[in-house]
Amino acid sequence: MDRRRFLAAVGATAGAGLVLSACGSLGGSSSGVPDGPPELSLLQPSFELLTGEQRRYAFMLVDEENRPVQSDSVEVYVADPDDEIVGGPFDTEFSREGEERLGTYRTHIDLPDAGFWSIVAVADGRKGQGAVSVVDAADSEFPAPGDPAVPATTPTTADDQGYDALCTSNPVCEMHEVSLDTSLDEGRPVVLLFATPAYCQTSVCGPAVEIADQVRAAEDWGDLAWVHVEIYTDAAETVAPPVLDWGLPSEPWLYAIGRDGNIVDRIDGPLTSADVADLARQVV
């Protein structure tokens, strides 16, 4: 796949993720959700969510003038296709890490069933609403928890695999010591990150490598292998073989892989240090 086709997929992802769904009667005051249409736009950089309890969900909020909405008291609700509130309120944490201009809200919500659900965020009496695609891990088109990790060969400091740049982060990250396939052969747990700081197409992708590398360096993770893969082998023209092997439609994606070679968890979209550390601790 060349850059044009990959960016078309990324563009489709972004378009789906930034949809604002209007609703004139959603929730009502009895549920803590204000009556009337949304006054805020809820921006969702993730490609898809997985079913389950306490699933991580990250988003941004902007007002009618496209100005960031940053509040310490944002609550999230889940609504079904009939606009009935079925979950919440879920508390959020706000962080500028990884997205300095808008900031990112991070929460954990319950998504018991697959399908299209509405996420409603309430900030200081105003609401934003967006639709999300929720799938069972077993039905995801992309590698998901429970699937065996694809044993792709990834570039290392000893073998750059012909990439123009082993890592486009500045300074270069230290997550290229071992190839993914070698780590799996050795039975090591793995944190695997697909992202390209220099050629990212969204503001949430660029900081992902720096954040992950800082978490890696912050403590002793034992034999946990940290593997970063650039999206392109050259100047944003040719999509890298590992990205094609994993069938990823967007960037960034972060995976935790257990010693048995199976995927334990994944995150796509904006990352914080807490997200990376939580994911890594699941496999060490």
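Which residues of helix 3 (residues 208–218) are buried? The views below begin with that helix, and every one of them shows a predicted model.

**View 1. Helix 3 and the elements it packs against.** To answer the opening question, the buried residues of helix 3 are Ala208, Val209, Ile211, Ala212, Asp213, Val215 and Arg216. An α-helix has 3.6 residues a turn, so residues three or four places apart point the same way. Keep that in mind as you look along the helix. Its buried residues pack against strand 10 (190–194), strand 11 (225–229) and helix 5. Notice that the buried set includes Asp213 and Arg216 alongside Val209 and Ile211.

**View 2. The mixed sheet under helix 3, with strands in the order 11-10-12-13.** Here four strands form an open sheet, and their pairing is mixed. Strand 11 and strand 13 are the edge strands; each has a single partner strand, so one side of each is left without a neighbour in the sheet. On average, and with direction ignored, neighbouring strands of this sheet are turned by 15° against each other. Strand 10 and strand 11 run parallel and are joined by five bridges. If you would like one pair to find on screen, take valine 191, whose bridge partner in strand 11 is tryptophan 226. Helix 3 packs on this sheet by touching strand 10 and strand 11, and its direction makes about 170° with that of strand 11.

**View 3. The antiparallel sheet, with strands in the order 1-3-7-6.** This is another open sheet of four strands, and here the pairing is antiparallel. Strand 1 (41–43) and strand 6 (93–95) stand at the edges with a single partner strand each, so one side of each has no neighbour in the sheet. Neighbouring strands are turned by 40° against each other on average, direction ignored. Strand 6 pairs with strand 7 in the antiparallel sense over three bridges. Look for glutamate 93, which stands opposite arginine 106 in strand 7.

**View 4. The hairpin of strand 4 (residues 74–79) and strand 5 (residues 85–91).** These two strands pair in the antiparallel sense over four bridges. Valine 78 has glycine 87 as its bridge partner in strand 5. Five residues lie between the two strands, and in the turn aspartate 83 has a positive phi of about 65°.

**View 5. The largest pocket and its lining.** The volume of this pocket is about 290 Å³. Its lining has 18 residues, and those nearest the centre are Arg55, Arg56, Asp265, Arg266 and Ile267. Sorted by class, the lining has 10 charged, four polar and four nonpolar residues. Strand 2 (49–50), strand 3 (52–62), strand 7 (104–111), strand 13 (263–268) and helix 5 (273–281) each supply at least two lining residues.

**View 6. Isoleucine 267, one of the residues nearest the centre of the largest pocket.** Isoleucine 267 belongs to strand 13. Is this residue buried or exposed? Its relative accessible area is 9%, under the 20% cut-off, so isoleucine 267 counts as buried. Beyond its neighbours within four places in sequence, isoleucine 267 is in contact with Arg56, Pro252, Trp253, Leu254, Asp275 and Leu279. One of these contacts, tryptophan 253, is 14 residues away in sequence, with a C-alpha to C-alpha distance of 5.8 Å from isoleucine 267.

How values were computed
Residues numbered from 1 in each chain as written. Predicted model: local features only at pLDDT ≥ 70, side-chain atom pairs only at ≥ 80, totals over all residues. Heavy atoms only, no water. 1 Å grid on protein atoms, 1.4 Å probe; cavity = no way out; pocket = protein on both sides within 12 Å on 5 of 7 lines; lining within 4 Å. Points joined across faces, edges and corners; volume = space filled by probe spheres on them. Nonpolar A, V, L, I, M, F, W, Y, C, P; charged D, E, K, R; others polar. Pairing = 2+ DSSP bridges. Axes fitted to C-alpha atoms, helices over the stretch in contact; angles between N-to-C directions. Buried < 20%, exposed > 50% of the residue type's maximum accessible area, 1.4 Å probe, protein only. Contact = heavy atoms within 4.5 Å.
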